[in-house]
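Trainee: Please take a close look at one part for me, the place where two chains touch. I would also like to hear how the rest of the first chain is divided.

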Amino acid sequence: MSIRERMSGNEAIATAMRQIDPDVFAMFPITPSTEIPQYFAQYVADGKVNTEFICVESEHSSLSACLGAEAAGCRAVTATSSAGLSYMNEVLYVAGSLRLPVVLAVACRALTGPININHDYSDSLAARDSGFIQLYAENNQEVYDNYLMAHRIAEHPDVRLPLMVCEDGFITSHAIENIELEEDAQVKAFVGEYHPEHYLLKEENPLAVGPYGVSGYYMEARVAQAQAMINAKQVILDVAADFAKTFGRSYGFFESYRMEDAEIAMVIMGSSAGTAKACVDALRAEGVKAGLVKLRVFRPFPGEELAAALQHCKAVAIMDKSEGFSSMGGPLFAETAGAVLNLEHHPRMIDIVYGLGGRDFTVEAARSVYGRLAGIAAGGDLGPVYTHMGQREK
Amino acid sequence: MIEVRWHGRGGQGAKTASQLLADAAFMTGKYVQSFPEYGPERSGAPITAYNRISDERCPIHSNIYDPDYVVVVDETLLESVDVTAGLKENGAVIVNSAKDPADLRPLLNGYKGRVCAIDARSISMDCLGAYFPNTPMLAAVVAVSNMIERETFLSEMEESYRHKFARKPQVIEGNLKCLRIAMDEVKEA
């Protein structure tokens, strides 16, 4: 029986962590993720968890401590944001290549500069090629649900990859909204215990962790890791199917919202997708065939499935909440364009970079995007492919 | 759906007040949102917090530009912030002030809707012996908007205080008195 509650995204993540009761939580605080270890420290003090809670001196160390714990066969977690994730960067790659399924909660926040504490995906999408699985969420409920699925995906023997559970800094991390929590016992039963096949001090099978990879073997390790990311696709779907059966809420690689007959659509991530849905509903009421795809899984990137969802559209806007400085669009645009490349007929596509550093995204802003798409769909000019929303002239 | 915008100064608890309103509405079965808007935080700087209260889950996660109600926790903000920007004419602005509401209207950029005043300082000092403007402002916005029925609101808040102040039961009565007096004393022009 679900529990009707209200809480912020940060508290939802901390609650999921409490219910899972990981072996190790290595923490270093940074806004807006700080509340996660803050709530968790209270659970430790109150004796509600058996977790070894380690306060370290930096994010590089928090993730390193998690890797040490994971290599020893423990389930380890941490949380961070923005510059903290950047500072972890070296260790992110180590986690992926050592195939240690640490789960990292990220309250996504802009990167400096100018210095800014608010939301965009500069931090998590800069880490897109680090070998982490990445799950994104529209609201506190989805963050909680993603967290309940995270360990099972990451720890699956076909996968064994680290995983980021991403939420929108402040917009989700600090907003209190209704949520359906699950009972502790049911969460524990769903997530299960972690018994890795290999770990550092296993007497029957001692192993070295992190040795040098000579050229004759390095590539094999990398390809095995790439294969694990491919394998993750099926595992993500299988875990979601079991989650739906157990708790009644369904998830896929993405959510297709009113896409069946959509002629114009957005591909968008996170809390902005909710705001855009309100716009889609208003446009549908006016007879406009608008839809949207809300991407939940960025790594592995569900290219084939996304291409199939978009192929019947006439015009699609890719909404990028990070600036990749590629000079030709943000990372979501690059990935989506790659995904539709081999379709016989693909929609005309534009990229709109928006919401950087917490710039607000409104229903009206979404309407302006669909307005431009309607013009393109009607045979009008494509216009500039790569633009920035609401850019001030002075 | 009812949308509320709170204006306060960092440290005064506008964010907490918005969370308390969300709590009260949640307990009456509503879907709620309570969220702050942060800048470079410092104590005393103007801050904004928001509420959406609805019968269905609201998917919108933008800030609120056309609120039904505006609550001003610090009267001095009227000099520097356009608090009634976008405020609906059939809504209301509620200011923490000892002034008569009619004297506040000239400070509100021509706002034509209801202007309400509540002397949160004196109520708080009388009931709690310290200046916590949150509690009277919360009661005032509930009274003015009628978004939660009075007795339901008071009994839900009592329940909430008994939980929240389980280790400090002596403050419960003062807070409840604070709510009742504020609901009675909010003035309107």
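Mentor: At this interface, 19 residues of chain A are in contact with 16 residues of chain B. The model is a predicted one. On the chain A side, two elements each supply at least two residues: β8, residues 176-181, and α10, residues 271-285. Of the elements there, α10(A) gives the most, with five residues. Sorted by class, the side of chain A that touches chain B has eight nonpolar, seven polar and four charged residues.

The strand β8(A) also pairs across the interface. Its partner is β2 of chain B, residues 31-37, and the two strands run in the antiparallel sense, with two bridges between them. To find one bridge in the structure, start at I176(A): its bridge partner in β2(B) is S34(B).

Now for chain A by itself. The domain assignment splits chain A into domain 1, residues 3-247, and domain 2, residues 254-388. The C-alpha centres of these two domains of chain A are 28 Å apart. Domain 1 of chain A places 26 residues in contact with 20 residues of domain 2 of chain A. On the domain 1 side, α6 (122-126), β6 (133-135) and α9 (215-247) of chain A each supply at least two residues. Here α9(A) gives the most, with five residues. By class, this side of domain 1 of chain A has 14 nonpolar, seven polar and five charged residues.

How values were computed: Residues are numbered from 1 along each chain as its sequence is written. Chains are lettered from A and ligands numbered from 1 in the order in which they are written. This is a predicted model: local features need pLDDT of at least 70, side-chain atom pairs count only at pLDDT 80 or more; totals for chains, interfaces and linings use all residues. Two residues are in contact if their C-beta atoms, placed from the backbone, lie within 7 Å. Helices (H or I, at least four residues) and strands (E, at least two) are DSSP runs, numbered from the N terminus. Ala, Val, Leu, Ile, Met, Phe, Trp, Tyr, Cys and Pro count as nonpolar, Asp, Glu, Lys and Arg as charged, and the others, Gly among them, as polar. Two strands pair if DSSP finds at least two bridges between them. Domain bounds come from an automatic or database domain assignment.
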